[in-house]
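Reader: I would like a close look at a single part of this structure, set in the context of its surroundings. Please treat the matter in one connected account.

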Amino acid sequence: MKHIQCTGSPFEIGRQHGQSAKTEVHGSIAFYESFFKERAKLSWPQVRDVARAFVPLLETSYPDYLEEMKGVAEGADVDLDSVIALNVRTEIAYGMLSDGCTAFTWKTSDESFIGQNWDWRMEQTPNVVCLSIEQPPKPTIKMMTEGGIIGKIGLNSAGVGVTLNAIAAPGVSYNKLPVHVALRRVLDSTSREEAETALRKAGVAAAAHITIADSATGACGFECTALDIVEMPMDPKGICTHSNHLVKGHKVQGSSMLPDSPFRLSRIQELLSGIDKPTTQNFAEMFKDEKNYPASICRAVGEKSTIQTLFSIVMDLKQGTARVKMGRPTEGGEVFELRP
C-alpha cells in the first residue's frame, strides 16, 4: 500500500498527492474512462463536460477543494477536468454505481466504532492509496481513497470517522456537494454535529449513504438522494448499519444496487447482535463472513461480476486508530494501522 503524506496549502496538499500517486491517478482515470463508457455510455470528453458543471459550485462555495484538485492535476500531469471527474464519479453515473459495501457503527457509553468492507471492481485495486493530510487548523486526516480523489473513507484527529455506501437512485444536483467531496467535508469537521450541519446545509448531489460518527456522540446515517436527505439515527443499542439500497422513503425511488444488498444488511445486523463486546478484533472477524458467497459481506468475484472486497477498515474513534486489511478479509493481505 502506498502511504502518501501531504501538508501545506490546499494546492500544495493536492500537488503532493498528485506527484506521489501519479501512477494511481492515471490508473484511476483509465479505469473510470472504461467504466463510464460501459455503465453510462459516456465518452471521457463527455464525462469531463459533466464534471465542469460542478465548477461554479466549487468556485463559489468550496474554493479550497477546487485548489486541491488543481494541485492534484498539476502534480499528476493531467487536466483539471479529469481530476474533477474522479471526484464526482458517483454523480457522473447519476448514482447508478454497482459497488457493494457493508457498513456499521456501534457506540457504547465509553466506546465508539465505525467500519466497513469496501467492495469495488478488482481492476481498481492497484489505484487505492492511503492518504494523510495535515492542514492546521483543520484536523489531520487519514483515509483510504482512490488515486486523485480527495475525500473517501477514514478518520481524523478530532475523533470523527466516515464511511460510504453507494446507492442506485436517479438524479444529480449540480448545486449540491458531490458525494466524495461531502466525505471530505465530514473529515474536515471537528465533530459529528459540525459535519451533519454542513451536509444538511449543502445537500448531497447524488444517491449515497454516508455514516458520520465521532468519539463522543456516536453515529448517524445520512441516506441521500439528489432531492433529499433522510437521517437514520442509532438504534437503542447504539448501532447503525447500512448496505446499498434505500431503506427509508424518499422523493425519488431507488433500486437495490445489487440483489444481495438487503441480505447483507440483515446479515450484518444478525452478526452484530451476536457480539457481546465491541472490539476491533471482533469486528474484523465479522467482516470475514461468507454466508451467501460470493455475494457475501466478504465479497468475492463471481461469474457475472468482478466486484470483491478490496479492503476492510475498523475505526476505534475513542482510541483514534483504525485497522485496515487489504484484500478480502479471509485471505492474505497487508494489515496496517492509521493514527491521525
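Which exposed residues does the face of H9 turned away from its buried side carry?

Author: In this predicted model, the face of helix H9 directed away from its buried side bears the exposed residues Glu193 and Lys201. The helix itself spans residues 192-202, and its buried residues are Arg192, Ala195, Glu196, Ala198, Leu199 and Ala202. Viewed down the axis of H9, these buried residues fall within an arc of 160 degrees, so they line one face of the helix. The general geometry is instructive here: an α-helix has 3.6 residues a turn, so residues three or four places apart point the same way. The cover over the buried residues of H9 includes E7, H8, E8, strand E9 (218-224) and E10. After the helix comes Gly203, with a positive phi near 75 degrees.

One of the elements covering H9 is helix H8, which deserves a description of its own. H8 is mostly covered, with 9 of its 9 residues buried. They are Val179, His180, Val181, Ala182, Leu183, Arg184, Arg185, Val186 and Leu187.

The strands that help to cover H9 lead to the sheet. An open sheet of 8 strands has mixed pairing and follows the order E1-E4-E5-E6-E7-E8-E9-E10. Its edges are strand E1 (3-7) and strand E10 (229-233), each of which pairs on one side only. From one strand to the next, the twist averages 20 degrees. Within the sheet, strand E6 (residues 153-156) and strand E7 (residues 160-166) run antiparallel and are joined by 2 bridges. Leu155 stands opposite Gly161 in E7. Helix H1 (residues 10-20) packs on the sheet, where it touches E1 and strand E4 (128-134); the direction of H1 makes about 160 degrees with that of E1. Helix H8 (residues 179-187) also packs on the sheet, touching E4, strand E5 (141-146), E6, E7 and strand E8 (208-214). The direction of H8 makes about 165 degrees with that of E7.

The loop between E4 and E5 contains Pro137. The peptide bond leading from Pro136 to Pro137 is cis, with omega near 10 degrees. A cis peptide bond also joins Tyr293 and Pro294, where omega is about 5 degrees. Pro294 lies in the loop between helix H11 (280-286) and strand E12 (307-316). Asn292 likewise has its place in the loop between H11 and E12. Although Asn292 is not a glycine, its phi is positive, at about 75 degrees. Asn292 is partly exposed, and its relative accessible area is 38%.

A further helix contact may be described for completeness. Helix H2 (residues 22-39) and helix H5 (residues 63-76) pack at an angle of about 105 degrees, their axes lying 9 Å apart. H2 is therefore roughly perpendicular to H5. On the side of H2, the contact is made by Lys22, Val25 and His26, and on the side of H5 by Val72, Gly75 and Ala76. By class, this contact of H2 with H5 comprises 3 nonpolar, 2 polar and 1 charged residues. In the loop between H2 and helix H3 (44-52) is Lys41, a residue that has a positive phi of about 55 degrees although it is not a glycine. Lys41 is exposed, with a relative accessible area of 65%.

Notes. Residues numbered from 1 in each chain as written. Predicted model: local features only at pLDDT ≥ 70, side-chain atom pairs only at ≥ 80, totals over all residues. Heavy atoms only, no water. Pairing = 2+ DSSP bridges. Helix = DSSP H or I, 4+ residues; strand = E, 2+ residues; numbered from the N terminus. Axes fitted to C-alpha atoms, helices over the stretch in contact; angles between N-to-C directions. Contact = heavy atoms within 4.5 Å. Parallel < 35°, antiparallel > 145°, perpendicular 65-115°, else oblique. Nonpolar A, V, L, I, M, F, W, Y, C, P; charged D, E, K, R; others polar. Buried < 20%, exposed > 50% of the residue type's maximum accessible area, 1.4 Å probe, protein only. Arc of directions from axis to C-beta.
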